[in-house]
Amino acid sequence: MLGASLVGLKVAEVLAKRSIEVVLLDVADQVLPRGAHATSAAYLRNYFEEHGIRVRLGCTLKGMDTFKGIEGVPKGVACHFPDNIIEEADLVAACTGVRP
């Protein structure tokens, strides 16, 4: 899940309730960066982590590409991060909002 806005948090919650592994990412250093006080944001982050959602804040996405499974059939998406971590996913949802 790219983006820890209200929409990103809700989509992450729905997916986690369906027993889908979720990684929530945002370039900001807290969830709900434009709408929550730092204390509230920390509480929400803990809530999501306690419910099995991995939260990575203050990180940017360097790039994405497909990765192939058996017999060269595309299997999913590989998300590359500047810290040389690669997260493999079946689905990437971008809930990053817009800026005027």
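Tutor: Start with names. Helices (H or I, at least four residues) and strands (E, at least two) are DSSP runs, numbered from the N terminus. The model above is predicted.

Student: Where is Ser 19 found?

Tutor: Look between two elements, a helix and a strand. The strand is β1, residues 23-26. Ser 19 is in the loop between α1 and β1.

Student: Is Ser 19 buried or exposed?

Tutor: The cut-off for exposed is over 50% relative accessible area. Ser 19 has 70% relative accessibility, so it counts as exposed.

Student: What is phi of Ser 19 near?

Tutor: Ser 19 is a residue other than glycine. Its phi is nevertheless positive. The value is near 65 degrees.

Student: Is Leu 32 buried or exposed?

Tutor: Place Leu 32 in the loop between β1 and α2. Leu 32 is not a glycine, yet its phi is positive, about 45 degrees. Buried means under 20% relative accessible area. Leu 32 has 17%, so it is buried.

Student: How far apart are the end C-alpha atoms of helix α2?

Tutor: Helix α2 covers residues 38-50, which makes 13 residues. The expected span is 1.5 Å times one less than the number of residues. That is why 18 Å is expected for α2. The model agrees, as its end C-alpha atoms are apart by 18 Å.

Student: Which glycine follows α2?

Tutor: Check phi after the helix. The glycine that follows α2 has a positive phi, near 85 degrees. It is Gly 52.

Student: Which element gives the largest share of the largest nonpolar core?

Tutor: That core has 17 residues, and Met 1, Leu 9, Val 22, Leu 24, Val 31, Ile 53 and Val 55 have the most contacts inside it. Elements giving two or more residues are α1 (6-17), α2 and β2 (54-57). The largest share is three residues, and it comes from α1.

Student: Which residues is Val 55 in contact with, leaving aside its neighbours within four places in sequence?

Tutor: Val 55 is among the residues with the most contacts inside the largest core. With those neighbours left aside, Val 55 is in contact with Leu 24, Val 31, Arg 45, Phe 48 and Glu 49.

Student: In what order do the three strands of the open sheet lie?

Tutor: The pairing in this sheet is antiparallel. The edge strands, β3 (63-68) and β5 (86-89), each pair on one side only. Neighbouring strands are turned by 30 degrees against each other on average, direction ignored. The order is β3-β4-β5.

Student: What is the bridge partner of Cys 79 in β5?

Tutor: Strand β4 holds residues 74-80 and pairs with β5 over four bridges. The pairing is in the antiparallel sense. Across from Cys 79, the partner in β5 is Glu 87.

Student: How many disulfides does a search of the whole structure find?

Tutor: A disulfide needs two cysteine sulfur atoms within 2.5 Å. For Cys 79, the nearest cysteine sulfur is that of Cys 59, 10 Å away. For Cys 95, the nearest is that of Cys 79, 13 Å away. The search finds a total of zero.

Student: Is Cys 79 buried or exposed?

Tutor: The cut-off for buried is under 20%. Cys 79 has 5% relative accessibility, so it counts as buried.

Student: How far apart in space are Asn 84 and Lys 62, C-alpha to C-alpha?

Tutor: Asn 84 lies in the loop between β4 and β5. In sequence, Asn 84 and Lys 62 are 22 residues apart. In space, their C-alpha distance is 9.3 Å.

Notes:
Residues are numbered from 1 along each chain as its sequence is written. This is a predicted model: local features need pLDDT of at least 70, side-chain atom pairs count only at pLDDT 80 or more; totals for chains, interfaces and linings use all residues. Side-chain values use heavy atoms; hydrogens and water are left out. Two strands pair if DSSP finds at least two bridges between them. Axes are lines fitted to C-alpha atoms, for helices over the stretch in contact, and angles run from 0 to 180 degrees between N-to-C directions. A nonpolar core is a set of buried Ala, Val, Leu, Ile, Met, Phe, Trp, Tyr and Cys residues joined through side-chain atoms within 4.5 Å. Buried means under 20% relative accessible area, exposed over 50%, partly exposed in between (1.4 Å probe, protein chains only). Contact means heavy atoms within 4.5 Å.
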